[in-house]
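Reader: I would like to learn how a strand and a helix can be read in a structure. Could we go through one of each, step by step?

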Amino acid sequence: METTPQSFLIEFSDKPLFTITAGAAMFGLPVAFLLIWLYKLAVNRSMRRVTGISDSDFSRALATGSAAGGPQSQLAIARLDGHTAASVAASALGRGALNGSWRNAVIYANAGLAFSIIISLGYLVALGDATSLHTFLFLFVNNSWPILVSMGIARSYTWRGWSAIAAAYFLLFLVQFAIAVLTKTAIWSSVRLGASDLMVINMTAIIFSLCFLSRGLRAAGPLVYLLMLALLGGLTLMSTVLESRFGEDAGSQSQWFATFSEPYGLSGRTVAVTLNLSVLAVFGIAGWIVMRGLGGLYRRGWVSDQTLTIDAVWLLSASFHSIVLSSLGWRVSLIVPLAAFLAYKVIATAGFAALLPGSRSAAAAPTLLLLRVFKLGRNSRNFFHAFAEPWRFAGNLRLIAGPDLATTTVEPHEFLEFLSGRLSRRFIAGPEDLAQRLSEAAPRRDFDGRYRVADFFCHDDTWKLVLDRLAQDSDVVLMDLRGFGPENKGCIYEISTLLATVPLQRIILVINQQTDDAFLRQTLATSWAAVPVGAANRSTANPNIRLFPLSRRRDVAGLVQAVASAATS
């Protein structure tokens, strides 16, 4: 009998693979949220810890400056805006930063096209309908949703961008539906099928993807999902083995457990629980080994954080297609999704190799130090995503870890160290730890053209040590002073450090309407008067500090250009 779409698409929810995949998502999502919450608590607790280090334990770059009378030239304040910055700083470095995410999005889109084409052709061949263009187009549209998700991740879209993507995809499906109805073509049956089954499958996969790959869960989501797949896969495999031996008769299975346990004086329930726990332990260890392997690949630079995230989207899509095709035999359900994913990886890798600009080494790229007001919370996270994503195509980025970005900048290996109970090793307790962290945070550009973010975890009495060293070693410093006021004692110290150690032309301060302008000017004047003898800025002719008012997301492009210009000045 000829295989029909209904015969292998309908009742897909009864299949074990769907149970594993959907169950891993449903159980994994709350676990991922819980682990991220615990991670943030652990980071905050360690940040408040005091190590006992004193100012005499490290060389302080600042002095009072009062004995020397301070610099003779008065510090001027220059205000930039998006248009001015973009026009005066239109450098190749800045243009590369702003265009990098578009390049990556195009590469992932082309690779995704290959995936969708192979999957759609696989369905046609399996259905015995390989010559139907209408059916192919319908399947292709339904199977192309990961392309839009991948481009959204590469472009770091906000909720407005994601809404536009969802609307565009839904509109495309409606247009296809309308054409089928008006022309009464053979695609009509496929559309009805898709509305009831294939769309349900794809929408389920989309929801799982967006939940696990949200900004707050990207470091933990794919790893937790992988672990849950291993655990549920082990339990499902055990259940399948028992059913193959005893069928679905629960009484027969219970009797077997009782017979097996009787010589040992144990109850059947005890043996059943022990067997389940043993399976969970074995497959949990296997999942943990795979997770550690991915962390090792990331540390060695073989994968990037963005690659892990986007690859997870395509693997999830491939797993769902494998579920749908499983009724046609294990060969079809394995070969078609695997061939599609391999095609995606080959084309993506070739695209990055062919389109990456030049061979500029990571060591030659400028290093940016990002400082900020920690109390900004969500505003700090939004700004970080808006600025860091384009900047990472230009150069390295360093920052002092804080509660505002604790779950935003966490990298896979850092999250695994937290799960291993070794997060405290990431914190800097003295000069030796700082030297080690600087060595580990050596500039690195991944194969997708993005430089890495190096966050430095500090205790309450070691962040000044780290700040002094990072300020001296950075090519440009961007300080987010939105909401700055007298209560931000740490920022006052940071401003004084920057004026004493970093050339003025390489400092940019971001402000907004919530910045206490009068107090900022007073702080700048006081810190400038305290610049010590021997500091480079004391001999600067016509010294000025640049402020960049940031009120809209679109202003970030001008800010990136201004920072790129300052980094190469």
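Author: Let us begin with a strand, keeping in mind that this is a predicted model. In strand β2 (residues 367-372), six of the six residues are buried, so the strand is largely enclosed by the rest of the structure.

Reader: Which residues point one way from β2, and which the other way?

Author: The general idea is that side chains in a regular strand alternate between the two faces of the sheet. Here Thr 367, Leu 369 and Leu 371 point one way from β2, while Leu 368, Leu 370 and Arg 372 point the other way, and all are buried.

Reader: Which strands do bridges join to β2?

Author: Strand β3 (residues 396-400) runs parallel to β2 and is joined to it by four bridges, with Leu 397 of β3 as the bridge partner of Leu 368. Strand β6 (residues 476-480) also runs parallel to β2, joined by five bridges, and there Val 477 is the bridge partner of Leu 369.

Reader: Turning to a helix, which residues of α19 are buried, and where do they lie around the axis?

Author: An α-helix has 3.6 residues a turn, so residues three or four places apart point the same way. In α19 the buried residues are Phe 519, Leu 520, Thr 523, Leu 524, Ser 527 and Trp 528. They cover an arc of only 165 degrees around the axis, which puts them on the same side of α19. The face turned away from that buried side carries the exposed residues Ala 518 and Thr 526.

Reader: What do the buried residues of α19 pack against?

Author: They pack against β1 (76-79), α18 (489-501), β7 (507-511) and β8 (544-549).

Definitions and conventions. Residues are numbered from 1 along each chain as its sequence is written. This is a predicted model: local features need pLDDT of at least 70, side-chain atom pairs count only at pLDDT 80 or more; totals for chains, interfaces and linings use all residues. Side-chain values use heavy atoms; hydrogens and water are left out. Buried means under 20% relative accessible area, exposed over 50%, partly exposed in between (1.4 Å probe, protein chains only). Helices (H or I, at least four residues) and strands (E, at least two) are DSSP runs, numbered from the N terminus. The arc is that of the directions from the helix axis to the C-beta atoms. Contact means heavy atoms within 4.5 Å. Two strands pair if DSSP finds at least two bridges between them.
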